[in-house]
Structures are given as structure tokens and as C-alpha cells.
Amino acid sequence: MVVLVTGGNGQLGQSIQYIAPKYAQIDFIFADSDTLDITNEKECFSFFEKHKPHYCINTAAYTAVDKAESEPEKAHNINVLGAKNLAQACLKHNSILLHISTDFVFDGTKNRPYQETDTPNPLGIYGKTKLDGEKAIQETFSNYYIIRTSWVYSQFANNFMKTMLRLAQERDSLSIVSDQVGTPTHAVDLAECLVKIIQNHNNQLVHTNYGLYHFSNEGYCSWFDFAKKIFEVNNVTIAIQPIPSSAYPTPAKRPLYSVLDKTKIKKTFNLDIPNWEQSLKPL
């Protein structure tokens, strides 16, 4: 079984590389932007023609939330056009697409976990392009799994956990936003979920479970709570204080509440998802 992973050197791509040795029956092909430019339709088609993947996990994305406000075209090219190109290549080669999306498609005005059936209303360019990418896939074909996730971190690449630990070495105290609530997701847990979806799909004779899903770790917290726990498990002593979002203005507005409801993905794929605090390990 051949599985193409785009964005192979990104955080989730590296997390899939990390677990890949456990799955000898899967031949993973990890492609980064140097080996596969997903914004180039021709390149996508020839890459699929050459490697003939049975599955494509699209982890490639423009994720610089604030920068996207001043680079909308670049965000659109990667998040929308790239997703569409991969969907079209999958359609032509009878491949299955697993595409990663985000909690930022929601505006954060609810006070209960967001379900797949809730109406999206992104607050910024990043969320809008990710939502448009979902739509581009849905309009192209039906053999897809779109997985929205949130607050992804790991031992790989750049993320909130690594930023906090770096800042703790540089400063005596930190002020962390405390009124944005969501769920941290360990990228390795998400990687395991994606492989489980592929294995489940491969074992089914009739495929009726394509569609949109939400995945994050269980539980929820604020960025302040998350930072506090990061320092605790890493035995870092630093003074931290909670601040409202208004005290830390950013070019892009963030959803104040973006907890995702995982009921559908847990039932469909018989997943046992760990709590975010369980998954948080010392770096």
C-alpha cells in the first residue's frame, strides 16, 4: 500500500515519519515543497502518475495565521488551489485523499464543542482559505476524509510548546492569553489517527464513511493553562500571568472558543483518544 504524505517536512509530516516504522505494510512517500509543488496542477498529476499512491495525506498548508492577512494570495494558492490539485489528481488515479483542516473555520461564538454539522464562519484569511480548500475538495469528488484539528504541537518543527520553552530561557516572566479556549493536539496522536483511518478504509468492502471529521485530544484549556502545564511537565520555573486577548492584539482575530466535538470520529473508527494532559510529555 502506497501512501503519499505532502508537507513531509512539516510538523505533522515529521510526526507521520516518526510512527512510520511501526507500519511495515505501508510504503510511505514523504514529499515536501521541493519535490512536489501542490500549487502546480501539472506537477501533481505527473507525481501521481509516477508513484501511483493509493492514499494521499495532505499535511501541506499555509499556517502562518497572522502573516496570511498580508499574504492572502499565497495562503489561497497553498490552502485552496493546492487542495484542489491534489483532489483532482486523486480523482484521476482513483486515490483516497485525507486532508487536514482547522478549528479556525469557526468564529468561536459557541459555548459547546463544535460539531461537523455546525456552520463555519472564519474570522481571518487563514480560516477562510482552509474552509475554501475543504469546499474545493468536496466539489471535486467524494473519496475524501477531511479532518479538522486544533492547537497542534509536538517535538517537531515550530509550535506553541517549543516557543514557550524557548521564551522561558530568554525571559523572567511571560504574559499568556487566557480567554481563548480550545484543545491542544499532539501531532503524533493525529498521525496515529490518520493511519487508523487508512487501515480501516483498507479493510472495508463498502466505503460509506467518507466525509468531514473533527479530531483533537480530549479535554480543553486556555493558552494560559496550556503554557502552565508545559512548564510543569518540563520542570521549568517561570512567572506567568494571564491576560485577555485585547491586551495582545494580532493582525488576525482568533476564535475565543474552538473546542471540537470528536463523537463522530470516535464512533466511526473506534478511536480511544487520550486527554491533552496525558499526551503532553517533557521535550
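Which strands does helix 1 (residues 11-19) lie across? The legends below take up this point and others in a predicted model.

**View 1. Helix 1 and helix 6 against the sheet.** Helix 1 lies across strand 1, strand 2, strand 3 and strand 4 (96-102). Its direction is at about 155 degrees to that of strand 2. Helix 6 (residues 187-203) also packs on the sheet, where it touches strand 1, strand 2, strand 3, strand 4 and strand 5 (144-149). Relative to strand 5, helix 6 runs at about 160 degrees.

**View 2. The open sheet of six strands.** The strand order is 2-1-3-4-5-10, and the pairing is parallel. Strand 2 (27-31) and strand 10 (211-214) form the edges, each pairing on one side only. On average, and with direction ignored, neighbouring strands of this sheet are turned by 20 degrees against each other.

**View 3. Strand 1 beside strand 3.** Strand 1 (residues 2-6) and strand 3 (residues 55-58) run parallel and are joined by four bridges. Within this pair, V5 stands opposite I57 of strand 3.

**View 4. Helix 2 crossing helix 3.** Helix 2 (residues 41-51) and helix 3 (residues 72-93) have axes that come within 9 Å and cross at roughly 35 degrees. The crossing of helix 2 past helix 3 is right-handed. On the helix 2 side, the residues that meet helix 3 are E41, C44, F45, F48 and E49. Their partners in helix 3 are N85, L86, Q88, A89, C90, K92 and H93. Sorted by class, this contact holds six nonpolar, three polar and three charged residues.

**View 5. Helix 5 crossing helix 7.** The axes of helix 5 (residues 160-170) and helix 7 (residues 223-233) lie 10 Å apart, and the two helices pack at an angle of about 65 degrees. Helix 5 passes helix 7 in a right-handed crossing. Helix 5 contributes F160, M161, M164, L165 and A168 to the contact, while helix 7 contributes W223, F226, A227, I230 and F231. The contact of helix 5 with helix 7 has ten nonpolar residues, with no polar and no charged ones.

**View 6. The second largest pocket.** The space in this pocket amounts to about 170 Å³. Its lining consists of D189, E192, C193, K196, F215, L271, D272, I273 and P274. By class, five of the lining residues are nonpolar and four are charged, with no polar residue among them. D189, E192, C193 and K196 of this lining fall in the range of helix 6 (residues 187-203), the helix shown on the sheet in View 1.

Definitions and conventions
Residues are numbered from 1 along each chain as its sequence is written. This is a predicted model: local features need pLDDT of at least 70, side-chain atom pairs count only at pLDDT 80 or more; totals for chains, interfaces and linings use all residues. Side-chain values use heavy atoms; hydrogens and water are left out. Axes are lines fitted to C-alpha atoms, for helices over the stretch in contact, and angles run from 0 to 180 degrees between N-to-C directions. A crossing is left-handed if the near helix is turned anticlockwise from the far one by less than a right angle, and right-handed if clockwise. Contact means heavy atoms within 4.5 Å. Ala, Val, Leu, Ile, Met, Phe, Trp, Tyr, Cys and Pro count as nonpolar, Asp, Glu, Lys and Arg as charged, and the others, Gly among them, as polar. On a 1 Å grid over the protein atoms alone, a cavity is a set of points where a 1.4 Å probe fits but cannot get out, and a pocket is an open set with protein on both sides within 12 Å along at least five of seven lines; lining residues have an atom within 4 Å of a point. Grid points are joined across faces, edges and corners, and a volume is the space filled by probe spheres set on the points. Two strands pair if DSSP finds at least two bridges between them.
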